[in-house]
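Hi,

Here is the structure I said I would pass on. Have a look at it first, and then read on for what turned up.

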Amino acid sequence: MKTCLIVDDSRVIRKVSRHILETLGFEVSEAENGQAGLDACDASMPDVVLLDWNMPVMTGIEFIVQLRQRPGGDAPKVVFCTTENDVAHIREAIQAGADEYVMKPFDHETLQIKLQLVGFS
């Protein structure tokens, strides 16, 4: 089964994302910040990471930079989910190793399209 780790400090966003992902056939796990997300990846590397930008403890950018340096950390597809929508933020996310970018709030269809773009239908 495809696995997805949701890394977001918002319990509501994690809950909504989990519901969408489970209907798309993903086994879902959650982390409330970047450090907890890295710990989860160290335990079991997911196929996809849905990643928030602004979080306490460790930001999404800090998370992805550290993830990509880990053994096997180049494998997960990372989709940034954030309210930051200017070109500079998008460029920074892609340069740090993100595969795709989705704006909050997003719906089932939007997330499904983004997952298809990174190779999960």
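For what follows, a disulfide is a pair of cysteine sulfur atoms within 2.5 Å. One thing to keep in mind throughout is that this is a predicted model.

**Cysteines**

By that cut-off, the structure holds zero disulfides. Why does Cys4 have no bond to Cys81? The closest cysteine sulfur to that of Cys4 is the one in Cys81, and at 8.3 Å it is too far away for a bond. Cys81 is likewise in no disulfide, with the sulfur of Cys4 as its nearest cysteine sulfur. As for solvent, Cys4 has 0% relative accessibility, so it counts as buried. Cys81 comes out at 3% and therefore counts as buried too.

**Strand 4 and its partners**

Next, have a look at strand 4, residues 77-82. Five of its six residues are buried, so I'd call the strand mostly covered. Which strands does it pair with? One is strand 3 (residues 48-52), which pairs with strand 4 in the parallel sense over five bridges. If you want a landmark there, Val48 stands opposite Lys77 of strand 4. Another is strand 5 (residues 100-103), which runs parallel to strand 4 and is joined to it by four bridges. A landmark for that pairing is Val79, whose bridge partner in strand 5 is Glu100.

The helices that link these strands are worth tracing as well. Going from strand 3 through helix 3 (residues 60-69) to strand 4 gives a right-handed β-α-β unit. Carrying on from strand 4 through helix 4 (residues 87-96) to strand 5 gives a right-handed β-α-β unit too.

**The nonpolar cores**

In general, nonpolar side chains in soluble globular proteins tend to be buried together. Here the largest nonpolar core has 20 residues, and those with the most contacts inside it are Val7, Leu51, Phe63, Ile64 and Phe80. Two or more residues come from each of strand 1 (2-7), helix 2 (34-43), strand 3, helix 3, strand 4 and helix 4. Which element gives the largest share? That is helix 3, with four residues.

Ile64 is a good residue to click on. Leaving out residues up to four places away in sequence, Ile64 touches Leu51, Val78, Phe80, Ala96, Gly97 and Ala98. Apart from this core lies another one of 17 residues, and among them are Phe26, Val102, Leu111 and Leu115.

**Two helices with a buried face**

Helix 3 has Gly60, Ile61, Phe63, Ile64 and Leu67 as its buried residues. Looking down the axis of helix 3, these fall within an arc of 155°, so they line one face of the helix. The cover over them includes strand 1, helix 2, strand 3, strand 4 and helix 4.

In helix 2, the buried residues are Gly34, Gly37, Leu38 and Cys41. Seen down the axis of helix 2, these fall within an arc of 100°, so they too line one face of their helix. Among the elements covering them are strand 1, strand 2 (26-31) and helix 3.

**Two loop residues and one on a helix**

Ala98 sits in the loop between helix 4 and strand 5. Is Ala98 buried or exposed? Its relative accessibility is 7%, so Ala98 counts as buried. Setting aside residues up to four places away in sequence, Ala98 touches Ile64, Val78, Phe80 and Ala93. The C-alpha atoms of Ala98 and Val65 are separated by 9.4 Å, with the two positions 33 residues apart along the chain.

Asp8 is found in the loop between strand 1 and helix 1 (11-23). With a relative accessible area of 2%, Asp8 is buried. Not counting neighbours within four places in sequence, Asp8 is in contact with Ile13, Arg14, Ala31, Glu32, Asp52, Met55 and Lys104.

Ile113, in helix 5 (residues 108-117), has 41% relative accessibility and therefore counts as partly exposed. Its C-alpha atom is 23 Å from that of Gly73, and the two residues are 40 apart along the chain.

Cheers

Key:
Residues are numbered from 1 along each chain as its sequence is written. This is a predicted model: local features need pLDDT of at least 70, side-chain atom pairs count only at pLDDT 80 or more; totals for chains, interfaces and linings use all residues. Side-chain values use heavy atoms; hydrogens and water are left out. Buried means under 20% relative accessible area, exposed over 50%, partly exposed in between (1.4 Å probe, protein chains only). Two strands pair if DSSP finds at least two bridges between them. A crossover is right-handed if, with the strands pointing away from the viewer, the path from the first strand over the helix to the second runs clockwise. A nonpolar core is a set of buried Ala, Val, Leu, Ile, Met, Phe, Trp, Tyr and Cys residues joined through side-chain atoms within 4.5 Å. Contact means heavy atoms within 4.5 Å. The arc is that of the directions from the helix axis to the C-beta atoms.
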